Amino acid sequence: MSKMSELDLCIGELRSATQSLTAVADSLATLFDKNGDAKSEVNALQSESKVKPKSVTLEQVRAVLAEKSRSGHTADVRDLLQKHGASKLSEIDPAKFEALLGEASTIGLREGEDG
């Protein structure tokens with residue numbers, strides 16, 4: 001895997017982790033709001049979680065999918081594109097790139113596969 005593809009993959013995984021952490025922070029905020037406790041801490045968490053990350057580009061997704069395809073996972077890449085309603089990457093809505101990149105990062109890492 002090329003260094004840029006590895007970097008793109010890491011960035012995608014970090015963005016996915018950020019989304020998960022944001023969801024946990026939101027859940028905790030809701031829990032504390034219901035109990036009336038720790039409002040200042042909750043507000044701080046919510047403020048931090050509203051920082052919007054840079055959007056994923058077509059080039060980033062293309063680089064990761066190309067690397068997965070070169071690694072012998074062309075059928076998985078094709079299936080992933082079809083799952084998102086397209087036969088090629090350029091047909092996919094850019095708003096879906098982040099989710100697509102997150103899903104693509106799991107190709108080749110599934111149980112029982114080398115990677």
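**Confidence, core and surface of the predicted model**

Across this predicted model, pLDDT averages 78, and 75% of the residues score at least 70. Confidence varies along the chain. Among the elements of the protein, α3 has the highest mean pLDDT, at 91, whereas helix α2 (residues 39-49) has the lowest, at 59. A further stretch to read with this in mind is residues 111-115, where pLDDT stays under 50; for these residues the model has seven contacts beyond four places in sequence.

Turning to the interior, the largest nonpolar core holds 15 residues. Within this core, the residues touching the most other members are V61, L65, L81, L89, I92 and L100. Two or more core residues are given by each of α3 (58-83) and α4 (97-104), and α3 provides the largest share, with six residues. The surroundings of L100 offer a handy view of the packing: leaving aside residues up to four places away in sequence, L100 touches V61, L65, L80, L81, L89 and I92, together with H84.

On the outside, V24, L28, L31 and F32 make a nonpolar surface patch of about 310 Å². Of these patch residues, V24 is found in helix α1, which covers residues 3-35. V24 has a relative accessible area of 47%. This value lies over the 30% that patch membership requires, so V24 can count towards the patch while being partly exposed.

Conventions
Residues are numbered from 1 along each chain as its sequence is written. This is a predicted model: local features need pLDDT of at least 70, side-chain atom pairs count only at pLDDT 80 or more; totals for chains, interfaces and linings use all residues. Side-chain values use heavy atoms; hydrogens and water are left out. A nonpolar core is a set of buried Ala, Val, Leu, Ile, Met, Phe, Trp, Tyr and Cys residues joined through side-chain atoms within 4.5 Å. Buried means under 20% relative accessible area, exposed over 50%, partly exposed in between (1.4 Å probe, protein chains only). Helices (H or I, at least four residues) and strands (E, at least two) are DSSP runs, numbered from the N terminus. Contact means heavy atoms within 4.5 Å. Patches are made of residues with over 30% relative accessible area and no salt bridge: like charges are joined within 9 Å, nonpolar side chains (Val, Leu, Ile, Met, Phe, Trp, Tyr) within 5 Å. Accessible areas come from the Shrake-Rupley method with a 1.4 Å probe; for residues, only the protein chains shown count as cover. A salt bridge is a side-chain nitrogen of Lys or Arg within 4 Å of a carboxyl oxygen of Asp or Glu. pLDDT is the predictor's confidence in each residue, from 0 to 100.
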